[in-house]
Amino acid sequence: MNIQFLYKLLQTAKITAILSFLGGTFLLLLYFYFSGSKTILSLGIYYALFALMLNSILFFTLFITFVHSEIKREKILKSLLMMIVNIPIGCCYILAVSSYPI
């Protein structure tokens, strides 16, 4: 395994996980601030689908790297866990939006 590729992959996964969280949080706050705006809700749905697709690709790439690599397994596992943490956060955001009175 090319160590430079691995470091780029780990860095990309961390940045993606953090930006996905921040972007989703920002859209959730905008949704509440503008009292359930349908435009922001639509934007949030598209954002969530795009983030899900991108994060899934990175997650499975990291997972395959974790299975086949014998170096930096601990760092790969930490990045995988960082990406997994976004799943329950996203579920909480969905519950918050769905229970928000329109």
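**Exercise 1. Work out how helices α1 and α2 are oriented toward each other.**

Solution. α1 and α2 turn out to be roughly antiparallel to each other. Let us see how we get there, keeping in mind that this is a predicted model.

- Step 1: Find the helices. α1 covers residues 3-33, and α2 covers residues 38-68.
- Step 2: Read the geometry. The two helices pack at an angle of about 160°, and their axes are 10 Å apart.
- Step 3: Apply the cut-off. Angles over 145 degrees count as roughly antiparallel, and therefore α1 and α2 belong in that group.
- Step 4: Add the handedness. α1 and α2 cross in a left-handed way.
- Step 5: Look at who takes part. The contact of α1 with α2 has 17 nonpolar and 9 polar residues, with no charged ones.

**Exercise 2. Now do the same for α1 and α3.**

Solution. Take it in the same order.

- Step 1: Helix α3 spans residues 73-98, and it packs with α1 at an angle of about 15° with the axes 10 Å apart.
- Step 2: Angles under 35 degrees count as roughly parallel, so α1 and α3 are roughly parallel to each other.
- Step 3: The crossing of α1 past α3 is left-handed.
- Step 4: Sorted by class, the residues in this contact are 16 nonpolar, 5 polar and 2 charged.

**Exercise 3. Complete the set with α2 and α3.**

Solution. One pair remains.

- Step 1: The angle between α2 and α3 is about 155°, with their axes 10 Å apart.
- Step 2: That angle makes α2 roughly antiparallel to α3.
- Step 3: α2, too, passes α3 in a left-handed crossing.

**Exercise 4. Find the salt bridge and place it in the fold.**

Solution. Start with a general idea.

- Step 1: Side chains of opposite charge can pair when their charged atoms come close.
- Step 2: Searching the whole structure gives 1 salt bridge.
- Step 3: The partners are K78 and E74, whose closest N and O atoms are 3.6 Å apart. The cut-off for a salt bridge is 4 Å.
- Step 4: Both K78 and E74 sit in helix α3, 4 residues apart, which is about one turn of the helix.

**Exercise 5. Locate the nonpolar surface patch and say which helix gives the most to it.**

Solution. Two steps are enough here.

- Step 1: I15, I18, L19, F21, L22 and M82 make a nonpolar surface patch of about 510 Å².
- Step 2: α1 gives the most, with 5 residues. L19, for example, lies in helix α1.

Terms used
Residues are numbered from 1 along each chain as its sequence is written. This is a predicted model: local features need pLDDT of at least 70, side-chain atom pairs count only at pLDDT 80 or more; totals for chains, interfaces and linings use all residues. Side-chain values use heavy atoms; hydrogens and water are left out. Axes are lines fitted to C-alpha atoms, for helices over the stretch in contact, and angles run from 0 to 180 degrees between N-to-C directions. Angles under 35 degrees count as roughly parallel, over 145 as roughly antiparallel, 65 to 115 as roughly perpendicular and the rest as oblique. A crossing is left-handed if the near helix is turned anticlockwise from the far one by less than a right angle, and right-handed if clockwise. Ala, Val, Leu, Ile, Met, Phe, Trp, Tyr, Cys and Pro count as nonpolar, Asp, Glu, Lys and Arg as charged, and the others, Gly among them, as polar. Patches are made of residues with over 30% relative accessible area and no salt bridge: like charges are joined within 9 Å, nonpolar side chains (Val, Leu, Ile, Met, Phe, Trp, Tyr) within 5 Å. Accessible areas come from the Shrake-Rupley method with a 1.4 Å probe; for residues, only the protein chains shown count as cover. A salt bridge is a side-chain nitrogen of Lys or Arg within 4 Å of a carboxyl oxygen of Asp or Glu.
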